[in-house]
Amino acid sequence: MSTTSTTYTITIKGHLDDHWSAWLDDLELTRHDDGTTTLTVAVADQAQLHGVLAGLRDMGAVLTELRARAPEPVAPAVERPLRTERLTLRAATAEDADATWRFRRLEEVSEWLTGHPTDLESYRAKFTTPDRLSTTLIIVLGDDPAGPVMGDLMLRRGDAWAQSEVADRGRGAEAEIGWVLDPGYTGHGYATEAVRELLRHCFEDLGLHRVTANCFFDNDASWRLMERLGMRRELHTVRESLHRSRGWLDGLGYAILDDEWPPG
């Protein structure tokens with residue numbers, strides 16, 4: 001069974017209008033001067049690919065070429081494992097999909113996450129995309145990178161807003177972080193230890209200027225962790241975040257600067 005997604009380009013005769021993209025699950029469409037259209041699709045397995053091809057057949061499209069695209073190299077979230085007294089933080093790989101699925105599928109975990117994964121195959125396809133792997137770190141108990149997976153972290157670097165004359169100084173100066181811990185490991189300070197090391201890495205190894213994190217106001221455990229680590233509450237929005245079961249909730253935004261690290 002494949003643990004990574006494969007990207008295919010499908011070329012058909014004729015120009016497809018943009019509304020067909022939504023009908024085909026938002027596939028990317030590229031129309032060419034020779035009167036053909038190329039569709040780009042990432043699939044987890046052959047069954048999913050056959051489903052796309054069946055949809056094209058049902059709409060009467062004439063296939064001229066089907067080609068698998070070579071996978072793009074994935075830049076790891078960290079170049080080397082980061083170690084604390086009790087934990088190892090390492091770059092995620094496609095093989096971590098199953099281990100993270102085991103706790104991310106739990107209702108008590110997905111309650112505060114962007115999505116609630118409902119089946120392993122679709123979760124694996126999303127987890128193994130280059131963007132996801134390049135921004136994910138795995139939390140391992142102990143000093144062996146191959147040890148038990150107990151959670152994961154997000155590290156997404158970005159540019160700071162800057163006026164055009166100094167835009168080059170703002171490139172890659174910020175990062176957003178996030179974290180998820182297996183409930184079986186809560187209550188021992190592991191999340192705090194892992195996120196503290198991630199912040200240290202951001203400021204001391206990467207030389208970032210600013211790190212942010214966000215959560216629902218009702219997610220007490222998350223914002224209390226941010227405050228324990230010296231992050232400052234900068235944003236409190238009123239009922240602007242729509243929760244899948246709780247309705248419109250308040251949101252919180254926290255940040256910390258390089259000259260505020262480590263907190264006194």
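The following is a conversation between a trainee and a mentor about a predicted model.

Trainee: Before we start, what kind of model is this?

Mentor: It is a predicted model, and the places we discuss are residues numbered from 1 along the chain.

Trainee: Okay, sheets then. In what order do the eight strands of the open sheet come?

Mentor: The order is β5-β6-β7-β8-β9-β10-β12-β11, and the pairing in this open sheet of eight strands is mixed. The edge strands are β5, at residues 82–83, and β11, at residues 232–243, each of which pairs on one side only.

Trainee: And which helices go with that sheet?

Mentor: Helix α3, residues 97–104, packs on the sheet and touches β7, β8 and β9, with a direction that makes about 100° with that of β8. Helix α8, residues 190–205, lies across β5, β6, β7, β8, β9, β10 and β12, and runs at about 30° to β8.

Trainee: β7 keeps turning up. Is strand β7 largely enclosed or open?

Mentor: Strand β7 covers residues 136–141, and five of its six residues are buried, so the strand is largely enclosed by the rest of the structure.

Trainee: How many bridges join β7 to β6, and how many join it to β8?

Mentor: Five bridges join β7 to strand β6, residues 87–91, and the two run antiparallel. Five bridges also join β7 to strand β8, residues 149–158, again with an antiparallel run.

Trainee: Which residues stand opposite V140 of β7?

Mentor: On the β6 side, T88 stands opposite V140, while in β8 the residue opposite V140 is V149. Another pairing with β8 is that of I138, whose bridge partner there is D152.

Trainee: Back to helix α8 for a second. Which residues does E193 touch?

Mentor: E193 lies in helix α8, and once its neighbours within four places in sequence are set aside, E193 is in contact with T84, E85, R86 and L87. With T84 there is also a polar contact between the two side chains, at 2.5 Å.

Trainee: Is E193 buried or exposed?

Mentor: E193 counts as buried, because its relative accessibility is 12% and the cut-off for buried is under 20%.

Trainee: New topic: aromatics. How many aromatic pairs are there?

Mentor: The count comes to six aromatic pairs. In one of them, the rings of Y185 and Y190 have their centres 6.4 Å apart and their planes at 70°, so the pair is edge-to-face. Y185 counts as partly exposed at 22% relative accessibility, whereas Y190 counts as buried at 13%.

Trainee: What about F217 and W223, what is their arrangement?

Mentor: F217 and W223 form a stacked pair, with 6.5 Å from centre to centre and 20° between the planes. F217 is partly exposed, with a relative accessible area of 30%, and W223 counts as buried at 11% relative accessibility.

Trainee: Which residue lies over the face of W223?

Mentor: R233 lies over the face of W223, at 4.9 Å from the ring centre. Elsewhere among the aromatics, W101, Y123 and F127 form one cluster.

Trainee: There's a four-stranded sheet too. How is that one ordered?

Mentor: Its order is β2-β3-β1-β4, and it is an open sheet with antiparallel pairing. At the edges stand β2, residues 28–31, and β4, residues 63–68, each with a single partner strand, so one side of each is left without a neighbour in the sheet. From one strand to the next, the twist averages 20°.

Trainee: Which helix packs on it?

Mentor: Helix α2, residues 46–58, packs on that sheet and touches β1, β3 and β4, with a direction that makes about 15° with that of β1.

Trainee: And how many bridges join β2 to β3?

Mentor: Four bridges join β2 to strand β3, residues 36–43, and the two run antiparallel. Within this pairing, E28 stands opposite T40 in β3.

Trainee: Last one: where is V109, and what is it in contact with?

Mentor: V109 is in helix α4, residues 107–110, and it counts as buried at 10% relative accessibility. Leaving aside neighbours within four places in sequence, V109 is in contact with F103, R104, V180, L181 and P183. P263 is 154 residues from V109 along the chain, and the C-alpha atoms of the two are separated by 29 Å.

Methods:
Predicted model: local features only at pLDDT ≥ 70, side-chain atom pairs only at ≥ 80, totals over all residues. Heavy atoms only, no water. Buried < 20%, exposed > 50% of the residue type's maximum accessible area, 1.4 Å probe, protein only. Pairing = 2+ DSSP bridges. Contact = heavy atoms within 4.5 Å. Axes fitted to C-alpha atoms, helices over the stretch in contact; angles between N-to-C directions. Phe/Tyr/Trp six-rings, centres within 6.5 Å; stacked < 30°, edge-to-face > 60°. Lys NZ or Arg CZ within 6 Å of the ring centre and 35° of its normal. Polar contact = N/O pair within 3.5 Å; in protein donor to acceptor, adjacent residues only side chain to side chain.
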